[in-house]
Structure formats: structure tokens, C-alpha cells
Amino acid sequence: MPSINNKQLRDENMYDHLIESIKRDALPLRDAEDYDPLFDRIQKEKFVLLGESSHGTSEYYKIRSELSKRLIKEKGFQFIAVEGDWPACQQVNRYIKGYDSTYQHARQALATYSRWPTWMWANAELIELIEWLKSYNEKLPEQDKVGFYGIDVYSLWESMEETLHELERINSPVLETAKKAFACFEPFHRDPQAYGVSSEDCKEEVIKLLTEISTDKNNRSSNYEESQLNLDVNALITANAENYYRTMVTNDNESWNIRDEHMVEVIHKISGFYGDKAKGIIWAHNTHVGDARATDMADEGLINIGQVLREQEGENNIVLVGFGTHQGTVIAADEWGVNFETMITPPAQERSWEHYLHQAGTEDKLLLFHDKNRTNYLDKIGHRAIGVVYNPEYEQFGNYVPTEIGKRYDAFIYIDHTNALEPLNVNQIFI
């Protein structure tokens, strides 16, 4: 009979400890009212961050939609900011605020997400939320309408185009600087990789553009239909995206930090637009939402949105909510830039956070972390993360982030079996 070594014994003890803690603390999720304890937890916080462990899971989008509606109705939150491109999200924002009549239905507005991976936002799960936001806003005065914004850094060329259009509209003297910045990027034919590996750079041009837009007080765009916010953020994207693509080629860790720092900057821009008492909901992957200091990301010098906002605003002003599953199906691609497919999400790896949640019972669960129970969830164990590129056969080699879950989040929503979301049929730009 094989003997049990000390390491195996320690693993078993850890397993028993965590399972018992989950059984004691977890709240079953059977209907909408079961989320009430989470809303009781959210009081006067400035930002609530809602994560996801994949970009292709139906339940995450549906749950975040319902939570966001309640946060808006019951807690007075004023905007949703998502891990998406600003220009495309502006089309949705203009639709829900009634700024133009280009789109007759949310499906049409969501079809404007043409950058790969389109399924992140061009999906059927979002349609109901977008229509709800439009209907909700119709009853409100202009200053109280809820917004929908993108905070990511990737839209370099689209944001430059939006900047040019706005500067032309208001006949700004900064227009010539913008044209020079745009001309600097023309030889790269909208290929960020070509720009990144080039020996030439446009850093000076985009910094000059951002500075002039920020300091041009005499020719400011009005805030009519959020035009000033749109101009400011697109100029910020132009500067930060240039830095991101140039850095990405040589330093993955630094480019990650540039991206997350940019997303925080945009969140603050949006918050400032809504005023001193603004309250925002942020949708992003767990790797951006959950505090990086509670993972091995910190060992590599990586930061993220959750960490930076906690540091800037204080932990009492932020609520971080993670999401996870044991198994199911998911939308992803097997390499960057190719068509998506429905993939199997295999049962969670043994000795992972999701595995222990499943072993504690197959019902969906809500866990709230607080001073009385947080210390029970400080074992650093694997926590699954699925990106837009995914290969289920090899997930044990790179899809689990060692995590102290009680420090990484304030709450965790576990759905035992999840399903792939439903992408809309749109024309993709593969880059």
C-alpha cells in the first residue's frame, strides 16, 4: 500500500479547510433575490468592478447585466465602463442616450464592434441590457442619463479619426497638429505590429497633440452630446496606444501595465464628467478586476485596475467582484485573430479554486469576503482565467493564476455549469 508523504497530507488538510469554509460561508444562488446580500454590502462605494473568468461565457454577461441594472436603479450608479473600444462603445452610448437616430435597435448599435474579438460586445446577451438602458434614460433629464463607455487602449486609428472629425467640426487651431500626428502613422497602414517593430516612432507628435487639446482653453469643444469628453478620451487613447504598441514588441509586462493604467485614466475621465459624486460600474476580465497584489502577477511587477483603484480611492470605496465556473462551454479562438468557435470548458483542475467550490456542492454560490472570514481564503491556489485565445487541452499549463482569493476580491460569484455566449453576425476586422 503506497504511503502518503507530508506534502500530500498538507494538500489534503488544505482541501478540507477550504471546503468546510466554503460550505459554511457560501450563499446559494437560485433567483434574483439571492443577490441581496451583495447589494447590502454595497453602500457608498464609488466603483463596483464586475469581473469574468472568460470573455465568452453567457452567464457572466447576463448576471452582470442584472447586477448593473440594480446598481443603477437602487444605488444611483451613473455609468457602465467596459473593457472595449471607446469609439465603438460611443455608438452604443449615443443610442441609449438618444443623441442620434442612426440605429433603430440595440442589435444594430452592437454590430459596430468590428475589431476582433467582436464577440466580446457584439453578442445577443447584451441586447436586453442596451434596450433597458435606452428605455431607462428616456425618463430622465439629460444630466442624469446613464452612459455606456469603452476604456481599452487598442483603438489608435479609430480614435485619431474621431479626434480629427471633432477638431474639424469646431474649427480648432489644434487641427493641424492632429493632421501631422495622423500623417506620422499613415506608412503603417493601420497595422499596430508594423508600427511597434519600426525604428521610427510618433511619440513626439501624439504627446504634442494631447498637450494642445488639454491646454486649448479658448477653443474647447462644448459638452453638447459629450463632445468634449469624446475629444479628450480619444486624444488620450492616441497617446497611450502609441506607447502601448511601441512597448508591446519588447516588454509584455510593461505594455500590460500601460494598458491597465490607461483604463484607470479613462475611468477617471468618465467619472469627472459625471461630477464629484459620480458612481461607476466597470466590466472587465478577472485579471483586470481582481487585485493583482493577491496573485503571482505582483511577482512579475504587474498591476491592474482593481489594485490601482483600491490604492487611489481606498479599499472602502471599491467593491471587486470575481466570477468563475467549474465546467461548460465558452466562445474563444485557438489563436489570435482567427474565427471564434464554441469550445468545451473542462472540469476545473484539481487543487484549484473552482475545483474546491465544486467539491463544496454543485449549486451556484455567492461568497462575500469580510474581516471575519477573509483569513480562511488566503491559501495561494490556482484560479482559472480563460482569454480570447484558448486551448482546453493545454489549460493546465497557463490558465490558472495562483491567487489569495480572499484578498483578490470582495465577493465571488460561482456558476457551476456555464454556457457559451451567442455572438452576433458582424463583419470582423482581423488585426
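Which residues does asparagine 373 touch, not counting residues up to four places away in sequence? Select asparagine 373 and you will find that, with those neighbours left out, the residues touched are Asp25 and Leu368, where contact means heavy atoms within 4.5 Å. Before going further, note that this is a predicted model, in which local features need pLDDT of at least 70 and side-chain atom pairs count only at pLDDT 80 or more, while totals for chains, interfaces and linings use all residues. Residues are numbered from 1 along each chain as its sequence is written, and side-chain values use heavy atoms, with hydrogens and water left out.

**Around asparagine 373**

Asparagine 373 sits in the loop between β8 (365-368) and β9 (380-384); helices (H or I, at least four residues) and strands (E, at least two) are DSSP runs, numbered from the N terminus. Because its relative accessibility is 4%, asparagine 373 counts as buried, a term that means under 20% relative accessible area, with exposed meaning over 50% and partly exposed in between (1.4 Å probe, protein chains only). Now show the backbone nitrogen of histidine 370, which lies 2.9 Å from a polar atom of the side chain of asparagine 373.

**Glutamate 52 and glutamate 66**

Move next to glutamate 52, in the loop between β2 (47-50) and α3 (58-75), a residue that counts as buried because its relative accessibility is 1%. Its side chain makes a polar contact of 2.5 Å with the side chain of histidine 55; such a contact is a pair of N or O atoms within 3.5 Å, of which, within protein, one must be able to donate a hydrogen and the other to accept it, and residues adjacent in sequence count only if both atoms are side-chain atoms. If residues up to four places away in sequence are not counted, glutamate 52 touches Tyr60, Tyr61, Arg64, Ala284, His285, Asn286 and Phe323.

Then select glutamate 66, which is found in helix α3 and counts as partly exposed because its relative accessibility is 42%. With alanine 360 also selected, a C-alpha to C-alpha distance of 26 Å separates the two residues, which are 294 residues apart in sequence.

**The loop between α5 and α6**

Arginine 115 lies in the loop between α5 and α6 and, at 15% relative accessibility, counts as buried. Display its side chain together with that of aspartate 85, and you will see the two joined by a polar contact of 2.6 Å. The C-alpha atom of lysine 134, a residue 19 positions along the chain from arginine 115, is separated from that of arginine 115 by 24 Å.

Proline 117 is in the loop between α5 (106-110) and α6 (127-138), and the peptide bond leading to proline 117 from tryptophan 116 is cis, with omega near 5°. Most residues other than glycine have a negative phi, and most peptide bonds are trans.

**Two residues with positive phi**

Select histidine 189, in the loop between α8 (175-185) and α9 (192-197), where phi is near 50°, a positive value in a residue other than glycine. Histidine 189 counts as exposed because its relative accessibility is 68%. Glutamate 226, found in the loop between α10 and α11, also has a positive phi, near 65°, but glutamate 226 is buried, with a relative accessible area of 1%.

**Helix α11 and its partners**

Finally, colour helix α11 (residues 227-248) and helix α7 (residues 156-169), whose axes come within 8 Å and cross at roughly 145°; axes are lines fitted to C-alpha atoms, for helices over the stretch in contact, and angles run from 0 to 180 degrees between N-to-C directions. The contact of α7 with α11 includes Leu156 and Met160 in α7, and Leu231 and Ile237 in α11.

Helix α10 (residues 203-215) packs against α11 at an angle of about 160°, with the axes 9 Å apart. That angle makes α10 roughly antiparallel to α11, since angles over 145 degrees count as roughly antiparallel, under 35 as roughly parallel, 65 to 115 as roughly perpendicular and the rest as oblique. Among the residues making this contact are Val206, Leu210 and Ile213 of α10, together with Leu231, Ala235 and Arg246 of α11.
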